[in-house]
Amino acid sequence: PYTTLFRSAALKHYFNVSNSYVLRKLLLVLFPWRHKPWSRQQARHASSSTGAGGQQQQYASIFLPPRDDLNSPDMYIPIMAFITYILLSTVLAGLKGSFHPELLGSIAVSAMFVVIFEIIVLKIAMYLLNITNESQLLDLIAYSGYKFVGVIVTLALSEVLTGGNGTGGWIGWTVFLYTFAANAFFLVSPLRN
């Protein structure tokens, strides 16, 4: 008795991506301003059942996988962005001479804590507001992980544009504010449909 979270069919759906999807989705996360429509595409899935009257054909709507629908959440980009964030943070610490092996674990744990805390807050808010939707836990994890794309861009651009001085100056704050606004727009736009 596995839950839906750990069934391989449920996970396969979130990793059904292509190279072109990943590139287009990264561009969408970073530049969501002109994208339309935001609704997810569905396909009709036929299933047969046998009842007292014989064979019956039933149809159910299922969401298309990410490969076929740019608006579908995936787990590939969030997981790769999470890992890249950890590695980039430790590389930047190494360039500043403050790297130690425990840094990998501490950054991973703190980033994981942020994602888990965000999902718990979302679940509590959905319960308190009596919001029932078709969103699964994996959808929330995927959407929560897209923030790491903006974090990576902010860290990398700030480090390059400031000559190694990090995100403390006005350039770092400008890049951060842009990626924050883009991520907020990316996450809120599907809710308007």
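1. In this predicted model, helices α5 and α6 are roughly parallel to each other, because the angle between their axes falls under the 35 degrees that this description requires. The axes of α5 and α6 cross at roughly 15°, and they come within 4 Å. It may help to recall that two packed helices are described by the angle between their axes and the distance between the axes.

2. Which residues make the contact between these two helices? On the side of α5 they are Tyr143, Ser144 and Gly145, while α6 brings Lys147, Phe148 and Val149. Sorted by character, the residues of the contact of α5 with α6 comprise three nonpolar, two polar and one charged.

3. Lys147, a residue of that contact, also takes part in a salt bridge, in which its side chain meets the side chain of Glu118 at 2.5 Å, N to O. This pair links distant parts of the chain, since Lys147 lies in helix α6 and Glu118 in helix α4, with their positions 29 residues apart in the numbering. Is Lys147 buried or exposed? With a relative accessibility of 19%, Lys147 counts as buried, because the limit for that word is under 20%. Glu118, by contrast, is partly exposed, at a relative accessible area of 25%.

4. How many salt bridges does a search of the whole structure find? The search finds three, and a student may keep in mind that side chains of opposite charge can pair when their charged atoms come close. Another of these bridges joins the side chains of Asp139 and Arg40, at 3.4 Å from N to O. Here too distant parts of the chain are linked, for Asp139 belongs to helix α5 (residues 137–145) and Arg40 to the loop between α2 and β1, 99 residues apart. Asp139 is buried, with a relative accessible area of 5%, whereas Arg40, at 21% relative accessibility, counts as partly exposed.

5. A further salt bridge is formed by Lys96 with Glu159, whose closest N and O atoms are 3.8 Å apart. Lys96 sits in the loop between α3 (76–95) and α4 (102–128), and Glu159 sits in helix α6 (residues 147–161), so that the pair links parts of the chain 63 residues apart. Glu159 counts as buried, its relative accessibility being 15%.

6. The loop between α2 (19–30) and β1 (42–51) also holds His35, which is buried, with a relative accessible area of 18%. What does the side chain of His35 reach at 3.1 Å? It reaches the backbone oxygen of Pro37, and a polar contact of 2.8 Å joins the side chains of His35 and Asn71. When the neighbours within four places in sequence are left aside, His35 is in contact with Leu28, Leu70 and Asn71, so Asn71 appears both in this list and in the polar contact, as the cut-off of 4.5 Å for a contact would lead one to expect.

7. A last point concerns Leu122, which has its place in helix α4 and counts as partly exposed at 34% relative accessibility. The C-alpha atoms of Leu122 and Leu140 are separated by 8.4 Å, although these two residues are 18 residues apart along the chain.

How values were computed: Residues are numbered from 1 along each chain as its sequence is written. This is a predicted model: local features need pLDDT of at least 70, side-chain atom pairs count only at pLDDT 80 or more; totals for chains, interfaces and linings use all residues. Side-chain values use heavy atoms; hydrogens and water are left out. Buried means under 20% relative accessible area, exposed over 50%, partly exposed in between (1.4 Å probe, protein chains only). A polar contact is a pair of N or O atoms within 3.5 Å; within protein, one must be able to donate a hydrogen and the other to accept it, and residues adjacent in sequence count only if both atoms are side-chain atoms. A salt bridge is a side-chain nitrogen of Lys or Arg within 4 Å of a carboxyl oxygen of Asp or Glu. Axes are lines fitted to C-alpha atoms, for helices over the stretch in contact, and angles run from 0 to 180 degrees between N-to-C directions. Angles under 35 degrees count as roughly parallel, over 145 as roughly antiparallel, 65 to 115 as roughly perpendicular and the rest as oblique. Ala, Val, Leu, Ile, Met, Phe, Trp, Tyr, Cys and Pro count as nonpolar, Asp, Glu, Lys and Arg as charged, and the others, Gly among them, as polar.
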